Amino acid sequence: MPAIPDLTIRGGALALVAILIPTTAPAAGAAAPAPGAEAEQPQPKLERLSDERSSSFWAHPARVTAIHADHRSRARVVARTRLFTEDRVPEVYLVLERWTSEEGDEWLRVRVPKRPNGVTGWLPADALGALRRVRTQLVVDRRRRRVTLLERGRPVLTARVGIGMASTPTPSGRFYVREKLRFSGAPMYGTRALGTSAYAPTLSDWPNGGVVALHGTDQPERIPGRPSHGCVRLRNGDMARLFARTPVGTPIRIV
């Protein structure tokens, strides 16, 4: 607010002493800005959240919403979130990056469990629940018929595996663990399975849409080999050890 003029009497004459209008002066005690300096504006920021090896983040969906090709609500829709997996277990999304706009809006890029394999997309950050960190990774080497579990980038467990036949191959790429399942009365799957975000490329009419899993077997003599329809089979003892040490959200690399 402009200061009121200070009017004083000097020797019977009315004198205007000062008119102060501090429209540009800094507040008392505040340093004046440097010549040419302007107020700093928030800048858009892209952050990598998951390296998919030693530190990665995942989350359950908070609601059903569109997943876009870019971090804009008008961008092409590539999928929609779903609350549950094909086995009616809470769905999981691996979070790769975070985009923060000039206005402070946050978007997250996620891996999407759908056909074709390898789809990623963006959704508003509040469409997911709390981010949870894992420090594990699974690497499936199809040529060597071997799976390796890494913790903080270091191998801690390895086992021989069976993979898909030539006509029903195990897909390559980057995926993640969506669910952990226990079985009874299903010996062909052993007693445990890790459901993944990968889908068998040639079996869309398979139960649950052809989701690829790592699971046990009732034919351990066929490991290592190519006995499956796309899943990764382990001997039951190896599967039990892997199951115990592999959390939901663990990234998977199949080479």
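In this predicted model, Arg178 and Glu91 meet through their side chains in a salt bridge, with an N to O distance of 2.7 Å. Because Arg178 belongs to strand E15 while Glu91 sits in the loop between E6 and E7, the pair ties together parts of the chain that are 87 residues apart in sequence. Glu91 is buried, its relative accessible area being 0%. Arg178 likewise counts as buried, at 1% relative accessibility.

Arg178 also forms a salt bridge with Glu86, where the closest N and O atoms are 3.0 Å apart. This contact again links distant parts of the chain: Arg178 lies in strand E15 (residues 173–182), and Glu86 lies in the loop between strand E6 (77–80) and strand E7 (93–100), 92 residues apart. Glu86 counts as partly exposed, because its relative accessibility of 25% is not under the 20% limit for a buried residue. Through shared partners, salt bridges join Arg82, Glu86, Glu91 and Arg178 into one network.

A further salt bridge is formed by Arg72 with Asp70, the closest N and O atoms being 3.5 Å apart. Arg72 counts as partly exposed at 44% relative accessibility, and Asp70 counts as partly exposed at 26%. The count for the model comes to eleven salt bridges. The three described here are set out below.

| Salt bridge | Closest N to O distance |
|---|---|
| Arg178 with Glu91 | 2.7 Å |
| Arg178 with Glu86 | 3.0 Å |
| Arg72 with Asp70 | 3.5 Å |

As a general matter, side chains of opposite charge can pair when their charged atoms come close.

The surface also carries a nonpolar feature. Val64, Leu83 and Phe84 form a nonpolar patch there, and together they have about 240 Å² of accessible area. Val64 is placed in the loop between strand E4 (56–59) and strand E5 (66–68). With a relative accessible area of 45%, Val64 is partly exposed; this value satisfies the requirement of over 30% relative accessible area for residues of a patch.

Key:
Residues numbered from 1 in each chain as written. Predicted model: local features only at pLDDT ≥ 70, side-chain atom pairs only at ≥ 80, totals over all residues. Heavy atoms only, no water. Salt bridge = Lys/Arg side-chain N within 4 Å of Asp/Glu carboxyl O. Buried < 20%, exposed > 50% of the residue type's maximum accessible area, 1.4 Å probe, protein only. Helix = DSSP H or I, 4+ residues; strand = E, 2+ residues; numbered from the N terminus. Patch = residues over 30% accessible without salt bridge, like charges linked within 9 Å, V, L, I, M, F, W, Y side chains within 5 Å. Areas by Shrake-Rupley, 256 points an atom, 1.4 Å probe, with all protein chains shown as cover.
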